[in-house]
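Visitor: I'm new here and would like a walk through this one. Could you show it to me and take my questions as they come?

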Amino acid sequence: MITDPISDMFVRIRNANMKLHEKVDIPSSKIKIGIAKILKDEGYILSYRNVEDHKQGILRIYLKYTGSKKTVLKGIKRVSKSSLRVYKGYQDMPRTVDGLGVTIVSTSRGLMTDRKARREKIGGEIVGCIW
């Protein structure tokens, strides 16, 4: 049994990325699909798709590398955990790697990046950071 599925997703992506795998399979959920959408929109992965397996489904993420087989995704970290939730207002939203990375925020309007949350002046739970 997995106690923190989002942390498990981040670890699977990080491990597959370090080993230069083409894709990684993760048990699917709505929040994981939302995180994958942000990763794709920000250019950290090539694509993703939901594969039906007559259970909960599998989220297949296709990883992205440069032409010289270097990773595009340098780091991915879970911030808010089940044991310690981290909430921030839009004024206090952290910047990942001085604004070069992306912070994923869970708001009342759904998952979004820190830049979008600041633009819409809405705070929420800090899910994780990507750089």
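Visitor: Where is Leu20 placed?
Guide: This is a predicted model, so keep that in mind as we go. Leu20 has a relative accessibility of 37%, which makes it partly exposed. As for its place, Leu20 sits in the loop between α1 and β1.

Visitor: What is the phi of Leu20 near?
Guide: Most residues other than glycine have a negative phi. Leu20 is a residue other than glycine, yet its phi is positive, near 60°.

Visitor: And Lys69, is it buried or exposed?
Guide: Lys69 lies in the loop between β3 and β4. It isn't a glycine, but it has a positive phi of about 55°. Exposed means over 50% relative accessible area. Lys69 comes in at 51%, so it counts as exposed.

Visitor: Which residue in the hairpin of β2 and β3 takes a positive phi?
Guide: Strands β2 (residues 45-51) and β3 pair in the antiparallel sense, over six bridges. Their hairpin has six residues between the strands, and the one with a positive phi, near 60°, is His54.

Visitor: Which residue in β3 is the bridge partner of Ile45?
Guide: β2, residues 45-51, is antiparallel to β3. Ile45 has its bridge partner in β3, and that partner is Leu63.

Visitor: Which residue in β3 is the bridge partner of Pro27?
Guide: Here we turn to strand β1 (residues 23-27), which runs antiparallel to β3 with five bridges joining the two. The partner of Pro27 in β3 is Ile58.

Visitor: How many residues of β3 are buried?
Guide: Strand β3 covers residues 58-63, and it is largely enclosed by the rest of the structure. Buried means under 20% relative accessible area. Of the six residues in β3, the number that are buried is five.

Visitor: Which element gives the most to the largest nonpolar core?
Guide: That core has 23 residues, and those touching the most other members are Met9, Ile13, Ile35, Leu39, Ile61, Leu63 and Ile130. Elements giving two or more residues to this core are α1, β1, α2 (30-41), β3, β6 (102-107) and β8. With five residues, the one that gives the most is α1.

Visitor: Leaving aside its neighbours within four places in sequence, what is Ile61 in contact with?
Guide: Ile61 is one of the core residues that touch the most other members. Leaving aside neighbours within four places in sequence, its contacts are Met9, Ile13, Glu22, Lys23, Val24, Ile26, Ala36, Ile45, Ser47 and Tyr48.

Visitor: How many residues does the other core have?
Guide: This core lies apart from the largest one, and among its members are Met93, Val105, Ala117 and Ile126. Its residue count is six.

Visitor: Is Asn17 buried or exposed?
Guide: Asn17 is found in helix α1, residues 5-18. Leaving aside neighbours within four places in sequence, it touches Leu63, Tyr65, Thr71 and Leu73. Its relative accessible area is 5%, and the cut-off for buried is under 20%. So Asn17 is buried.

Visitor: How many residues of β8 are buried?
Guide: β8 is largely enclosed by the rest of the structure. Three bridges join it to strand β4 (residues 76-78), two join it to β5 (residues 87-88), and five join it to β6, with each of these pairings antiparallel. The count of buried residues in β8 is seven of seven.

Visitor: Which residue in β8 stands opposite Val102?
Guide: β6 and β8 pair in the antiparallel sense. In β4, Ile76 stands opposite Ile130. Opposite Val102, too, you'll find Ile130.

Visitor: What is Thr96 in contact with, leaving aside its neighbours within four places in sequence?
Guide: Thr96 is found in the loop between β5 and β6. At 6% relative accessibility, it counts as buried. Leaving aside those neighbours, its contacts are Gly101, Val102, Thr103, Cys129, Ile130 and Trp131.

Visitor: Which residues make the nonpolar surface patch?
Guide: One of them, Trp131, is in the segment after β8 and is partly exposed, with a relative accessible area of 33%. The patch measures about 310 Å², and its residues are Val97, Leu100 and Trp131.

Definitions and conventions:
Residues are numbered from 1 along each chain as its sequence is written. This is a predicted model: local features need pLDDT of at least 70, side-chain atom pairs count only at pLDDT 80 or more; totals for chains, interfaces and linings use all residues. Side-chain values use heavy atoms; hydrogens and water are left out. Buried means under 20% relative accessible area, exposed over 50%, partly exposed in between (1.4 Å probe, protein chains only). Helices (H or I, at least four residues) and strands (E, at least two) are DSSP runs, numbered from the N terminus. Two strands pair if DSSP finds at least two bridges between them. Patches are made of residues with over 30% relative accessible area and no salt bridge: like charges are joined within 9 Å, nonpolar side chains (Val, Leu, Ile, Met, Phe, Trp, Tyr) within 5 Å. Accessible areas come from the Shrake-Rupley method with a 1.4 Å probe; for residues, only the protein chains shown count as cover. A salt bridge is a side-chain nitrogen of Lys or Arg within 4 Å of a carboxyl oxygen of Asp or Glu. Contact means heavy atoms within 4.5 Å. A nonpolar core is a set of buried Ala, Val, Leu, Ile, Met, Phe, Trp, Tyr and Cys residues joined through side-chain atoms within 4.5 Å.
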